[in-house]
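Reader: Could you take one loop position in this model and give me a close look at it, then work outward to the parts around it and beyond? I'd be glad to have the cut-offs as you go.

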Amino acid sequence: MRARTTLALALAVALAGCSADDPAPRSAPSGGPLEDPVAVEPTPALLDWQDTGVAAGTPYAKGPKWDASTVDGRSRVDLRSGDRTLSVAAGRGRTISEVLMDAGRVVVVRQDTAERASSRVTVVDLASGDRREITQPPAASGGSWALTGGDLHYPTYGDARAYCLATYALDDDNGEDGWCAPARTGFSGLTASEHGIGVMTFDDGRPVACRTANLLDDAGTPQPVEGPVDCVAWDVAATADGAVWSEVTDPSRQEEAHFRASADGAFFDLGPGTTGSLVPCGDSVFFVRDPQDSDEPARLVRWTPDRTLEVAYESASVGNAFLGEPACAEGVLTLSAFGEEGDESVWASVAE
C-alpha cells in the first residue's frame, strides 16, 4: 500500500505554535459573495490509510476500538475488537440495511425485505455485549439514518402515514417524533455532526422533483441553507461556520454534482463531486470526486475548518476508477476504491 501521509503535512502539525518567535497563524481564506464564490483548488494532504482486511465493497464500519462487517449477503453483522467477537443476525425475511457506530455502541437496522413491515433496530453495548431493541417511535422501512452525540435520527410514520423524522437518545433510552414532511413531500440524505443535522427535502414535482438543502433548527425543523440554487440541491452537511452542499443541474446525470460551501456569510466553489458521498467526520467534511480526465485518480476531498480544500485519498488507478461512499464512526473514515490497478478497502483516523 502506498504511503499516504505527506512530510509537509506532518511538519506543519509538529511545528505549529511551538515558539513565541513563530509567525502568527495564517488567517482563514476569505470567501466571496453568493453570486461570485471564491474557487478553491485542493492541495495534497493524504491521510494515513490502513487496510481494513475485508474485500472492497463489503459494508464495513470502524470505530476507535471496534469494527463491524456486514457479511453473508447482509444477513449478519460481525463485530470485532481484538479477540472479542459479537454478531447480530438480520433474521428471517430481513436484511441488514444500516450499521452505525459510536465509541460505546453499535446500532444495527434490520429491514423487512418486502418493505411492508417496520425496520427492527438493535443497539449493542460494546463494553458489556448487552442488547436492546428500539421500538418507539417505530422505524420506517428503509430511508436515511444518522448517529451523532448519542442521538439516533431516522424516519418514522406519524398521523395519517406522514413521513416524519424521529430522534432517539441512546443514553436516556428515550425516543420522540419530530418534524413531519408535508403531504406529497419527503426527505433523505441525513448527515449528522456536532455542528448540526443536514437533510435534503423534496416534492413530487414532475418530471424532476424540487430539492432543497436544509439544516435542522433548535426545534428540529428543516431550514433552507443560504446559497443553493432553487430546486437543484442534493447533499448537505453542517460545518462550524456554515455548510457544505452539492447541486445537480443535469437531471439525466444525477450522480454528477458541483459542491459549494458557506462560512460566516461568505461562499466558496469547491468544484465537482459525486452525489451521495458527502460525510462529516472529525472536524471536517469529505466528499468523493471521480477522475476528471483519463490520467487522473479518483479522490476523496476534505473541506477543513481552516477553509482549505485537501486531497485526503487518491486511488491507485486512474481514468476508469471510482470510490464507494465513505463512512465515518467517531472520527474514523472507511472507504472502498475500485479500478484496474486493483481494489482496496481502507480506513484512516481523522485528526481534530
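Author: **A close look at one loop**

G276 sits in the loop that runs between β23 (266-274) and β24. Strands here, like helices, are DSSP runs numbered from the N terminus, with at least two residues (E) for a strand and at least four (H or I) for a helix. Before going further, please keep in mind that this is a predicted model, in which local features need pLDDT of at least 70, side-chain atom pairs count only at pLDDT 80 or more, and totals for chains, interfaces and linings use all residues. Residues are numbered from 1 along each chain as its sequence is written, and side-chain values use heavy atoms, with hydrogens and water left out.

Back to the glycine. G276 counts as partly exposed because its relative accessibility is 32%; buried means under 20% relative accessible area, exposed over 50%, and partly exposed in between, with a 1.4 Å probe and protein chains only. Leaving aside residues up to four places away in sequence, G276 touches W234, D235 and E325, where contact means heavy atoms within 4.5 Å. The C-alpha atoms of G276 and G198 are separated by 13 Å, although their positions lie 78 residues apart in the chain numbering.

G198 leads us to a hairpin. Strand β16 (residues 185-193) and strand β17 (residues 196-203) run antiparallel and are joined by seven bridges; two strands pair if DSSP finds at least two bridges between them. The hairpin passes from β16 to β17 through two residues, and T185 stands opposite D203 in β17. After β17 comes the loop to β18 (211-216), which holds P207. The peptide bond between R206 and P207 is cis, with omega about 5 degrees. Another cis bond runs from Q136 to P137, with omega near -10 degrees, and P137 lies in strand β11 (residues 131-139).

On the other side of the G276 loop, β24 brings us to the nonpolar interior. A nonpolar core is a set of buried Ala, Val, Leu, Ile, Met, Phe, Trp, Tyr and Cys residues joined through side-chain atoms within 4.5 Å. The largest one has 18 residues, of which L47, W49, F286, L300, Y313, L323 and L333 touch the most other members. At least two of its residues come from each of β24 (279-281), β25 (284-289), β26 (297-303), β27 (309-318), β28 (321-323), β30 (332-339) and β31 (344-349). Strand β30 gives the largest share, three residues. Apart from this core lies another, of 16 residues, including V244, V248, L278 and W303. In soluble globular proteins, nonpolar side chains tend to be buried together.

Two of these core strands, β26 and β27, are linked by a loop where R307 is found. Phi of R307 is near 65 degrees, a positive value in a residue other than glycine, and R307 counts as buried because its relative accessibility is 13%. D173, in the loop between β14 (163-169) and β15 (174-180), also has a positive phi, of about 55 degrees, without being a glycine. With a relative accessible area of 43%, D173 is partly exposed. Most residues other than glycine have a negative phi, and most peptide bonds are trans.

Charged pairs complete the tour. The whole structure has 17 salt bridges, each a side-chain nitrogen of Lys or Arg within 4 Å of a carboxyl oxygen of Asp or Glu. R260 and E247 form one of them, at 3.6 Å from N to O. This pair links distant parts of the chain, 13 residues apart: R260 is in strand β22 (residues 256-263) and E247 in strand β21 (residues 242-247). R260 is partly exposed at 22%, whereas E247 is buried at 5%. E255 and R253 form another salt bridge, with their closest N and O atoms 3.0 Å apart.

R76 and D72 meet in a salt bridge too, at 2.6 Å from N to O; R76 is partly exposed at 26%, while D72 is exposed at 52%. Strand β5 (residues 67-71) and strand β6 (residues 76-81) run antiparallel and share five bridges, with T70 partnered by V77 in β6. Both strands belong to an open antiparallel sheet of four, ordered β4-β5-β6-β7.
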